[in-house]
There are 2 protein chains.
Amino acid sequence: MSKLIHVNGFEMATPGHINHGLWRVPGNRRTDYTKLSYWTDLARTLERGLFDAVFLADVVGTYTTYQGSRRAALRAGMQVPNIDPMFVVPAMAAVTEHLGFAVTGTTTYEPPFGFARRLGTLDHLTGGRLAWNIVTGYLPDAARNYGLSEQLKHDDRYAVADEYLEVIYRLLQESWDDDAVVRDAERQVYTDPDRVHEIGFEGNHFTVAGPHLSEPSPQRTPVLYQAGTSSRGKAFAARHAEGVFLLPRDDAQAAEEIADLRRLAIEAGREPDHVKAFIGVEIVTAATREEVAAKVALLQQHRDVEGHLVLFSGWSGIDLSGDDTDRYLEYRGGDAMQTFERMWSEGEDRKNIGELVEHLSRPENNKLFIAGTPDVVADRLEQLIDGTDADGINLVQHLSPGTFTDFVDHIVPELQRRGRYRTAYTPGETLRERFFGPGHARPLGDHPAARHSRVPAGA
Amino acid sequence: MSKLIHVNGFEMATPGHINHGLWRVPGNRRTDYTKLSYWTDLARTLERGLFDAVFLADVVGTYTTYQGSRRAALRAGMQVPNIDPMFVVPAMAAVTEHLGFAVTGTTTYEPPFGFARRLGTLDHLTGGRLAWNIVTGYLPDAARNYGLSEQLKHDDRYAVADEYLEVIYRLLQESWDDDAVVRDAERQVYTDPDRVHEIGFEGNHFTVAGPHLSEPSPQRTPVLYQAGTSSRGKAFAARHAEGVFLLPRDDAQAAEEIADLRRLAIEAGREPDHVKAFIGVEIVTAATREEVAAKVALLQQHRDVEGHLVLFSGWSGIDLSGDDTDRYLEYRGGDAMQTFERMWSEGEDRKNIGELVEHLSRPENNKLFIAGTPDVVADRLEQLIDGTDADGINLVQHLSPGTFTDFVDHIVPELQRRGRYRTAYTPGETLRERFFGPGHARPLGDHPAARHSRVPAGA
């Protein structure tokens with residue numbers, strides 16, 4: 001039987017996330033990102049479309065590689081200005097019952113104790129619908145905002161991240177027993193103090209006494225997302241991630257990366273399907289081919305190529321500005337994304353800048369840009385998912401609300417007809433249960449977080 | 001003409017905030033504090049009652065002075081467990097238009113850059129309805145959660161706080177010019193890079209490059225609340241606070257402290273009425289004296305005296321446990337609250353523990369506990385406000401929603417009849433404008449934050 005396709009709506013609280021220049025399209029609500037109604041409307045749309053979750057990207061600095069400054073990023077509205085995405089979650093949760101919320105948070109800059117409380121708080125307030133997209137940060141500019149004279153080296157960041165996760169697990173999983181809160185009115189006991197434990201963590205980077213301040217939330221640890229694709233990042237994901245976000249250049253690379261991920265998960269002692277793989281795709285759809293063509297033309301017309309160059313410069317660490325269009329790119333080891341490995345097939349890695357600009361100038365050059373009527377898009381999605389062993393997609397946004405309403409109105413019914421999309425949410429399920437089945441609100445037994453689950457008192 | 005009385009609803013996302021044992025009262029929704037509906041219902045009630053704001057207290061550790069452990073705090077549900085109050089704000093903002101939100105945040109534990117973004121984000125999402133209650137933290141237990149081997153000394157905490165505020169002001173006030181975001185579709189410019197500035201802050205405690213990541217929010221810097229009552233705390237409040245929360249023992253002490261505050265504000269170069277003073281009061285009311293008496297009896301019946309001892313032990317730093325009821329209390333310099341100075345008139349400071357327990361055992365022993373029919377309560381409130389030069393009250397909660405619905409249904413109409421309470425909100429006003437008048441969305445000219453406001457480009 002073919003798998004249901006999971007869908008996250010990919011968003012960021014900023015004028016331009018991955019597609020640039022489109023804030024200028026008439027009717028795009030993108031620039032309303034500071035208003036609560038933008039987010040509550042979005043949440044209602046995604047819940048109407050039975051999405052798994054909204055995936056909220058984030059950065060805590062600006063992109064400064066292109067031309068050696070943040071000026072171009074500011075001009076393009078390229079992930080700056082932005083607001084803290086964790087705060088749009090409670091408002092979206094208040095107007096929905098089922099939609100999940102994946103919030104991006106870095107392990108490099110914020111103390112783990114306070115961050116654990118933010119996670120616990122959001123898992124409570126959403127009733128167990130929270131995911132955390134773990135990032136280690138890849139912008140040198142961010143480090144300067146947190147008093148670090150330079151960005152930690154890539155592998156050091158992962159060493160810090162491993163320890164950060166250990167602190168988070170211990171706070172969320174083992175600090176409060178499930179039966180700690182007794183609310184015994186007669187004995188005048190809210191919490192049994194014997195069932196709340198300090199963690200006494202003393203590591204290389206963090207010292208945290210505990211206990212965690214919040215009582216256990218429905219999922220305790222939120223569902224863990226990750227997007228690392230370096231070898232160190234993949235090992236981290238194989239160990240910790242329950243959902244991995246990939247931005248591959250094509251189906252073949254996606255298949256290879258997913259096979260890699262499942263193999264590494266097995267090596268880490270986990271079931272291979274305990275890591276869900278989501279592929280980033282762009283979709284433009286409408287009832288007729290003519291309408292689809294018109295929509296693609298509109299995106300083309302407003303595309304801000306410089307914004308894309310700023311983004312790729314930041315991801316790759318290579319300044320793509322300048323007139324020297326014959327200059328060949330040398331891949332120097334990517335940060336969050338191994339951008340250049342991913343964008344072309346092998347052998348093409350040494351494209352020069354002129355060719356890159358040409359490539360970025362047209363959205364259709366992305367092999368995971370899918371434009372077509374609903375049957376065409378559904379065919380392509382089935383091919384992509386089944387050919388790569390993926391579990392679903394991260395749907396990249398062009399227009400708000402257009403991208404998501406088009407998917408909900410055109411693609412969801414088509415996928416439902418094909419038996420590839422849920423037809424209703426399961427009442428009361430947590431986000432983790434949506435991915436791993438009923439009874440699995442808490443981390444699965446083969447996940448490192450589960451090591452920190454105390455046996456209930458008396459057992 | 002008599003002043004309108006400002007009212008904040010005093011809350012905390014925990015089973016027991018200031019009054020303990022009351023989670024056991026049948027029908028009290030207190031234990032629903034982890035549910036969004038608790039907070040959205042609360043917000044609707046306060047907005048129906050035309051409150052200025054909900055004031056959300058917070059701690060990031062547990063109370064461990066009493067019996068040298070956190071066990072009694074856990075048993076009583078005394079400010080633990082809790083959740084991060086900043087996250088209930090967006091949901092409350094989504095169901096209201098006017099209510100303000102004062103969130104407590106410490107200057108001791110979280111990096112200022114990320115905290116500034118949280119403030120900017122909430123000021124955006126609430127449309128300029130945010131206040132920040134600045135605390136320096138007084139629980140030794142909290143320090144251990146943030147890798148500090150011991151709590152900073154009281155005066156050191158204020159030195160750190162001064163620098164923290166400086167960073168926050170520079171990020172929120174001067175990093176983005178008012179006209180930085182141009183959204184010029186034709187020129188393809190979202191933000192004019194010449195109008196966004198690094199702050200390049202290098203102090204004794206923090207190094208922060210900037211710029212702030214969010215575009216200017218309606219108030220830029222949220223309205224600043226503070227509750228410090230030590231001499232160092234008062235100087236800090238006189239310099240930075242726009243609203244000060246007092247918990248005095250009686251009217252005379254309130255009058256003295258408020259006079260002190262206004263004098264210190266003048267010394268700090270500010271207008272004395274640019275600091276609003278809110279007195280913490282408890283109110284029990286109903287249509288008849290018999291109902292009032294029954295409500296007071298209910299509170300008495302469920303009062304958890306040990307919870308109060310835990311709280312006072314934490315505030316004072318003196319362990320009030322033990323059988324030695326003849327032991328006299330020695331005042332050792334309080335932390336957040338000069339508890340013992342405040343609870344009794346002078347000369348009574350050397351009460352022994354037995355007398356203290358006796359005092360805490362009855363809610364009516366608090367001289368700012370007001371029980372009566374609406375006319376009686378309104379008389380007492382007018383007397384308190386006018387006799388002390390206060391600007392309003394922080395209404396301390398006993399029962400949720402009872403305390404606030406009673407105030408809204410009984411006291412608000414009575415105060416309105418007397419011309420002492422607003423009869424409508426002013427559409428579109430920010431929280432700061434509610435306190436300081438139209439056109440004053442941003443910090444007033446005599447506030448230290450205003451020093452960091454850049455002159456608009458070209459002026």
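In this predicted model, helix α8 of chain B, residues 251–267, packs against helix α13 of chain B, residues 374–388, at an angle of about 35°. The two axes sit 8 Å apart, and α8(B) passes α13(B) in a right-handed crossing. On the α8(B) side, the residues that meet the partner helix are Asp251(B), Ala254(B), Ala255(B) and Ile258(B). Facing them from α13(B) are Arg380(B), Leu384(B), Gly387(B) and Thr388(B). Sorted by class, that contact between α8(B) and α13(B) comes out as four nonpolar, two polar and two charged residues.

Next come the backbone oddities, starting with the peptide bonds. As a rule, most peptide bonds are trans, and most residues other than glycine have a negative phi. In chain A, the bond from Ser400(A) to Pro401(A) is cis, with omega near 5°. Both partners belong to a loop: Ser400(A) is placed between β13 (392–396) and α14 (402–417) of chain A, and Pro401(A) is likewise found in the loop between β13 and α14. In chain B, a cis peptide bond joins Val80(B) and Pro81(B), with omega at about -5°. Pro81(B) is also a loop residue, located between α2 (71–76) and α3 (88–94) of chain B.

Ser400(A) deserves a bit more attention. With a relative accessible area of 4%, Ser400(A) is buried, because the cut-off for that label is under 20%. Its side chain makes a polar contact of 2.9 Å with the side chain of Tyr38(A). Setting aside residues up to four places away in sequence, Ser400(A) touches Gly27(A), Asn28(A), Arg29(A) and Arg30(A) as well as Tyr38(A).

Over in chain B, a residue numbered 28 has a related set of contacts. Asn28(B) lies in the loop between β1 (6–12) and α1 (36–48), and counts as buried at 9% relative accessibility. A polar atom of the Asn28(B) side chain is 3.1 Å from the backbone nitrogen of Arg30(B). Leaving out neighbours within four places in sequence, Asn28(B) is in contact with Leu22(B) and Trp23(B), and also with His398(B), Leu399(B) and Ser400(B).

Then there are the phi angles. Arg220(A), which is not a glycine, has a positive phi near 55°. Its place is the loop between β8 (207–208) and β9 (223–226) of chain A. Gln67(B), again a residue other than glycine, has a positive phi near 60° and lies in the loop between β2 (53–57) and α2 of chain B. As for accessibility, Arg220(A) counts as buried at 5%, whereas Gln67(B) counts as partly exposed at 43%. The labels follow from the cut-offs: Arg220(A) falls under 20% and is therefore buried, while Gln67(B) is in between 20% and 50% and is therefore partly exposed.

Turning to annotation, an unreviewed UniProt entry places the feature "binding site" at Asp58(A), Thr104(A), His154(A), Tyr158(A) and Ser230(A). Two of these listed positions can be set in their structural context here. His154(A) lies in helix α6 of chain A, residues 154–174, and is buried, with 18% relative accessibility. Ser230(A) lies in the loop between β9 and α7 (231–240) of chain A, and at 7% relative accessibility also counts as buried. Both labels hold because 18% for His154(A) and 7% for Ser230(A) are under the 20% cut-off.

Finally, a couple of residue pairs link positions around α5 in the two chains. In chain A, Tyr138(A) is placed in the loop between β4 (130–135) and α5 (140–145), and is buried at 16% relative accessibility. Tyr138(A) and Leu152(A) are 14 residues apart in sequence, with a C-alpha to C-alpha distance of 9.1 Å. In chain B, the pair is Lys153(B) and Tyr138(B), 15 residues apart in sequence and 9.5 Å apart in space, again C-alpha to C-alpha. Lys153(B) has its place in the loop between α5 (140–145) and α6 (154–174) of chain B. With a relative accessible area of 63%, Lys153(B) is exposed, because that value is over 50%.

Conventions: Residues are numbered from 1 along each chain as its sequence is written. Chains are lettered from A and ligands numbered from 1 in the order in which they are written. This is a predicted model: local features need pLDDT of at least 70, side-chain atom pairs count only at pLDDT 80 or more; totals for chains, interfaces and linings use all residues. Side-chain values use heavy atoms; hydrogens and water are left out. Helices (H or I, at least four residues) and strands (E, at least two) are DSSP runs, numbered from the N terminus. Buried means under 20% relative accessible area, exposed over 50%, partly exposed in between (1.4 Å probe, protein chains only). A polar contact is a pair of N or O atoms within 3.5 Å; within protein, one must be able to donate a hydrogen and the other to accept it, and residues adjacent in sequence count only if both atoms are side-chain atoms. Contact means heavy atoms within 4.5 Å. Axes are lines fitted to C-alpha atoms, for helices over the stretch in contact, and angles run from 0 to 180 degrees between N-to-C directions. A crossing is left-handed if the near helix is turned anticlockwise from the far one by less than a right angle, and right-handed if clockwise. Ala, Val, Leu, Ile, Met, Phe, Trp, Tyr, Cys and Pro count as nonpolar, Asp, Glu, Lys and Arg as charged, and the others, Gly among them, as polar. UniProt positions are given in the numbering used here, feature names are shortened, and annotations may be inferred rather than shown by experiment.
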